[in-house]
Amino acid sequence: MVSVHEIWKMLQEVKDPEIPVLSVIDLGIVRDVQLTPLSKPHPASPPSLREKEKGNESNLGEGEGVRITITPTYSGCPAMDVISMDIRLKLIEKGYRNVKIQQQLSPAWTTDWMSEEGKKKLKEYGIAPPNPKQQFCKEEIFMEEAVQCPRCNSHRTKLISQFASTACKSMYRCLDCIETFDYFKCH
Amino acid sequence: MSETNNKSLNLCSPTGGQGAFAYTLHLADNALILGQRNAEWCGHGPVLEQDIAITNISLDLIGQARNFYQYAVTLYNNFNAEEKEVVDHLLPRLWKTYDRELQEDDLAFLRDEHQYLNLLITELPKGDWAQTILRQFFFSAFQFYQYQQLQKSTDEQLAAIAEKSLKETSYHLRWSSEWVIRLGDGTEESNSRINNALNELWMFTGELFQNAGFECGDYATDVSNLKEAWNKKVEEVFVEATIPSPSQDGEGQGVRWFQSGGKEGRHTEHLGYLITEMQYLQRVYPNATW
């Protein structure tokens with residue numbers, strides 16, 4: 001009998017494929033973990049063709065099940081499919097074959113859900129962590145956000161591009177140490 | 001054509017869900033077609049940063065389209081036979097030969113041109129950078145107000161997708177507004193290009209605010225109500241960009257007549273070429289996965 005707490009701990013080993021220092025827990029994309037009771041296949045209703053095809057959606061009758069709810073960072077983030085698969089693989093590795101992963105869109109993910117630990121790890125990795133959303137996330141045009149350089153800690157930095165190597169980052173240059181760096185933009 | 005027209009007008013049946021199905025397709029098609037169009041810039045952007053920006057916007061749009069298509073599929077697969085019949089003209093013929101439940105890719109990759117319900121402005125060629133920018137600005141401003149309202153939809157899933165997408169759309173709006181200003185208030189060359197783009201695109205903006213038959217239930221946003229906020233936003237950015245404001249009543253630079261038909265499946269010649277390329281793989285290798 002496993003506790004929900006242990007599953008959360010296992011999920012800390014699942015990393016973001018694009019930013020391998022961050023776990024899915026650090027990112028704040030895991031919204032819920034639930035244990036589902038023993039499920040038995042229903043002989044009266046054979047799985048539909050779709051379930052058979054997808055195969056991984058429901059592994060009925062394999063003992064206690066785990067249901068994990070995740071929320072995407074950005075609608076089109078290609079890492080989400082990989083993350084779902086990595087969560088499944090991690091739990092299989094730990095002996096849980098009956099895993100259901102569902103996606104929940106609302107409330108929409110925000111960088112405020114990123115853990116403090118996650119922000120620290122991001123900075124050490126060379127990516128400026130997101131500023132708190134309330135103070136900085138604005139829609140006004142030509143707004144310059146004060147982003148701290150993750151290398152020399154200077155606030156004298158300049159936006160180069162609102163979009164960078166992935167949808168969740170923008171690109172800055174530090175005017176003191178002259179390095180360019182990624183900024184995990186507040187969202 | 002008139003038959004398609006009548007059918008889509010008859011779709012309004014808020015309780016039955018068929019109207020919501022067509023509406024969801026419309027929202028998905030807007031995002032998919034513009035996403036596909038913008039993706040043509042991949043590797044061709046004017047500078048690397050902006051190449052990445054426009055393709056990131058594509059990615060967001062295609063992600064939004066997927067959320068809508070997935071929901072449309074859920075709606076359809078839960079319909080009874082009679083309800084399925086009402087929306088039958090919107091479903092791909094090829095899929096009907098597959099003998100399996102509907103999937104999101106079937107809707108994106110197997111429908112024919114007249115079954116797409118996207119706004120005409122999303123399918124127009126990418127043109128030069130000014131045309132791409134101005135189209136994105138017009139569309140993002142529209143989508144921003146539409147999603148803002150859609151968050152109040154009685155349909156919880158549509159409201160959730162709107163809430164999620166709105167955050168990305170506000171980035172698109174900010175980025176495209178800044179570029180309209182940069183081009184308008186830039187050099188003589190950039191200014192003349194953005195004005196040419198305006199002449200090309202303005203006649204396609206009327207359709208944004210015309211409700212189609214499927215936009216009638218509480219699940220949908222009344223687009224005619226968005227016009228005022230949209231005009232205000234355009235005006236605001238155009239003043240800053242030193243672009244003469246087109247009027248809507250035929251005075252000054254504006255046009256008297258607006259194009260429409262996309263939401264009823266009547267498209268410009270450009271859509272056919274776009275979907276030919278986009279659908280190639282699924283047409284030639286049905287059910288291919290990777």
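**A guided reading of chains A and B**

A:Ser170 has its bridge partner in strand S7 of chain A, namely A:Tyr183. This pair serves as the point of entry into a predicted model, and the sheet around it is described before the rest of the structure.

The two residues belong to strands S6 and S7 of chain A, which run antiparallel and are joined by five bridges. S6(A) and S7(A) form a hairpin, with five residues between the two strands. Within that turn lies A:Ile178, whose phi is positive, at about 65°. The residue is not a glycine, and its phi is nevertheless positive. Is A:Ile178 buried or exposed? A:Ile178 is exposed, because 9 other C-beta atoms lie within 10 Å, and a residue with 12 or fewer such atoms counts as exposed.

The hairpin is part of an open sheet of four strands in chain A, with the order S4-S7-S6-S5 and mixed pairing. Strand S4 (127-128) and strand S5 (157-161) of chain A occupy the edges; each has a single partner strand, so one side of each is left without a neighbour in the sheet. The mixed character of the sheet can be followed strand by strand. S4(A) is joined by two bridges to strand S7 (residues 180-184) of chain A, and these two strands run parallel. Here A:Ile127 is found opposite A:Asp182 in S7(A). At the other edge, S5(A) is linked through four bridges to strand S6 (residues 169-174) of chain A, and this pair runs antiparallel. In this pairing A:Lys158 faces A:Arg173 of S6(A). In general terms, strands of a sheet pair through backbone hydrogen bonds, in either a parallel or an antiparallel manner.

The view may now be widened to chain A as a whole. Its secondary structure consists of six helices and seven strands, and these follow one another along the sequence in the pattern α-α-β-α-β-α-β-α-β-α-β-β-β. Chain A has 187 residues, of which 33% are buried. Of the contacts in chain A between residues at least 6 apart in sequence, 58% join residues at least 24 apart.

One helix of chain A can be examined in detail. Helix H4 (residues 79-93) of chain A has 15 residues, and from its first C-alpha to its last it reaches 21 Å, close to the 21 Å expected at 1.5 Å a residue. Its buried residues are A:Ala79, A:Ile83, A:Ser84, A:Ile87 and A:Leu91. These residues lie on the same side of H4(A), because they cover an arc of only 145° around the axis. They pack against helix H1 (4-11), helix H2 (24-27), strand S2 (65-70) and strand S3 (99-103) of chain A. On the face of H4(A) turned away from the buried side, the exposed residues A:Asp81, A:Leu89 and A:Glu93 are found. Just after the helix comes A:Gly95, which has a positive phi of about 100°.

Further along chain A, A:Ser106 and A:Pro107 are joined by a cis peptide bond, with omega at about -5°. A:Pro107 is located in the loop between S3 and helix H5 (116-125) of chain A.

Chain A also touches chain B. The contact involves 20 residues from chain A and 25 residues from chain B. On the chain B side, helix H3 (48-77) and helix H9 (156-184) each supply at least two residues. H9(B) provides the largest share of that side, with 13 residues. By character, the chain B residues touching chain A comprise eight nonpolar, seven polar and ten charged.

Chain B contains a further helix of note. Helix H12 (residues 269-284) of chain B has 16 residues and reaches 22 Å between its first and last C-alpha, close to the 22 Å expected at 1.5 Å a residue. H12(B) also has a kink of about 50°, centred on B:Met278. B:Leu271, B:Leu274 and B:Ile275 of H12(B) are buried, and what covers the buried residues of this helix includes helix H2 (18-38) and helix H7 (120-123) of chain B.

In the loop between helix H11 (227-241) and H12 of chain B lies B:Thr242. Its phi is near 55°, a positive value in a residue other than glycine. B:Thr242 has 12 C-beta neighbours inside 10 Å and therefore counts as exposed.

Key
Residues are numbered from 1 along each chain as its sequence is written. Chains are lettered from A and ligands numbered from 1 in the order in which they are written. This is a predicted model: local features need pLDDT of at least 70, side-chain atom pairs count only at pLDDT 80 or more; totals for chains, interfaces and linings use all residues. Two strands pair if DSSP finds at least two bridges between them. The expected span of a helix is 1.5 Å times one less than its number of residues. The bend at a residue is the angle between axes fitted to the seven residues ending there and the seven starting there. A residue is buried if 20 or more other C-beta atoms lie within 10 Å of its own, exposed if 12 or fewer, and partly exposed in between; C-beta atoms are placed from the backbone. Two residues are in contact if their C-beta atoms, placed from the backbone, lie within 7 Å. Ala, Val, Leu, Ile, Met, Phe, Trp, Tyr, Cys and Pro count as nonpolar, Asp, Glu, Lys and Arg as charged, and the others, Gly among them, as polar. The arc is that of the directions from the helix axis to the C-beta atoms.
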